[in-house]
Amino acid sequence: MAQNAISVSMRKLEKTLKALANRRRLAILKYLKKNEEATVGEISGAIKLSYKATSQHIIILAGVDIVEREQRSLEAHYSLSKNQSDVVRRVISTL
């Protein structure tokens with residue numbers, strides 16, 4: 001049983017590290033660190049990436065609980081998750 005828990009924990013860490021191992025996603029995190037929250041359009045304009053590609057990167061970051069989404073009317077606003085792992089917090093602190 002303990003081995004299975006370690007395996008699950010390692011898989012989660014692997015997914016998190018893979019999500020962080022991309023310069024565009026790091027740029028998104030740096031932008032959100034500075035601005036606290038933003039829409040996909042605001043982020044894509046700031047990091048000079050298409051709306052679609054930015055949205056796909058944000059989906060990956062949200063999938064591992066690095067960013068949170070809040071829907072307001074027709075727009076989704078993204079911010080850094082408050083439930084980040086130590087690994088994620090350390091990476092973001094270096095940005």
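Glu-37 is partly exposed, with a relative accessible area of 33%. In this predicted model, Glu-37 forms a salt bridge with Arg-72 and stands opposite Ser-79 in β3. Three strands make up an open antiparallel sheet in the order β1-β3-β2. The largest nonpolar core has 21 residues. A nonpolar patch of about 420 Å² lies on the surface.

**Salt bridges**

- The whole structure holds five salt bridges.
- Glu-37, Glu-70 and Arg-72 are joined in a salt-bridge network.
- Between Glu-37 and Arg-72, the closest N and O atoms are 2.8 Å apart. This pair links distant parts of the chain, with Glu-37 in strand β1 and Arg-72 in strand β2, 35 residues apart.
- Arg-72 also forms a salt bridge with Glu-70, where the closest N and O atoms are 3.1 Å apart.
- Arg-72 is partly exposed, at 33% relative accessibility. Glu-70 is partly exposed too, with a relative accessible area of 42%. Both values fall between the 20% cut-off for buried and the 50% cut-off for exposed.
- Another salt bridge joins Glu-14 to Lys-18, with the closest N and O atoms 3.5 Å apart. Both residues lie in helix α1, four residues apart, or about one turn of the helix.
- Glu-14 counts as partly exposed at 42% relative accessibility. Lys-18 is exposed, with a relative accessible area of 53%.
- Side chains of opposite charge can pair when their charged atoms come close.

**Sheet**

- The strand order is β1-β3-β2, and the pairing is antiparallel. β1 and β2 stand at the edges with a single partner strand each, so one side of each has no neighbour in the sheet.
- Strand β1 covers residues 37-38 and pairs with β3 over two bridges. Glu-37 faces Ser-79 of β3 in this pairing.
- Strand β2 covers residues 67-72 and pairs with β3 over six bridges.
- Glu-70 has His-77 as its bridge partner in β3. Arg-72 has Glu-75 as its bridge partner in β3.
- β2 and β3 form a hairpin with two residues between them. Ser-73, in the turn, has a positive phi of about 55°.
- Strand β3 (residues 75-80) is largely enclosed by the rest of the structure, because five of its six residues are buried.
- Strands of a sheet pair through backbone hydrogen bonds, either parallel or antiparallel. In a regular strand the side chains alternate between the two faces of the sheet.

**Nonpolar core**

- Within the core of 21 residues, Leu-29, Ile-66 and Val-67 have the most contacts. At least two core residues come from each of α1, α2 (23-35), α3 (40-47), α4 (51-63), β3 and α5 (86-94).
- Which residues does Val-67 contact, leaving aside its neighbours within four places in sequence? The set is Leu-29, Leu-32, Ile-58, Leu-61, Ala-62, Tyr-78, Ser-79, Leu-80 and Ser-81.
- Leu-29 is thus named twice, as a residue with the most contacts inside the core and as a contact of Val-67.

**Helix α1: buried and exposed positions**

- Thr-16 is found in helix α1, which spans residues 2-20. Is Thr-16 buried or exposed? Thr-16 counts as buried, because its relative accessibility is 6%, and the cut-off for buried is under 20%.
- Thr-16 touches Val-64, Ile-66 and Val-88, not counting residues up to four places away in sequence. Ile-66 is one of the residues with the most contacts inside the core.
- Met-10 is also found in helix α1. Met-10 counts as exposed, at 52% relative accessibility.
- Met-10 belongs to the nonpolar surface patch, along with Ile-6, Leu-13, Leu-17 and Val-87. Helix α1 gives the largest share of this patch, four residues.

Terms used. Residues are numbered from 1 along each chain as its sequence is written. This is a predicted model: local features need pLDDT of at least 70, side-chain atom pairs count only at pLDDT 80 or more; totals for chains, interfaces and linings use all residues. Side-chain values use heavy atoms; hydrogens and water are left out. Buried means under 20% relative accessible area, exposed over 50%, partly exposed in between (1.4 Å probe, protein chains only). Contact means heavy atoms within 4.5 Å. Patches are made of residues with over 30% relative accessible area and no salt bridge: like charges are joined within 9 Å, nonpolar side chains (Val, Leu, Ile, Met, Phe, Trp, Tyr) within 5 Å. Accessible areas come from the Shrake-Rupley method with a 1.4 Å probe; for residues, only the protein chains shown count as cover. A salt bridge is a side-chain nitrogen of Lys or Arg within 4 Å of a carboxyl oxygen of Asp or Glu. Two strands pair if DSSP finds at least two bridges between them. A nonpolar core is a set of buried Ala, Val, Leu, Ile, Met, Phe, Trp, Tyr and Cys residues joined through side-chain atoms within 4.5 Å.
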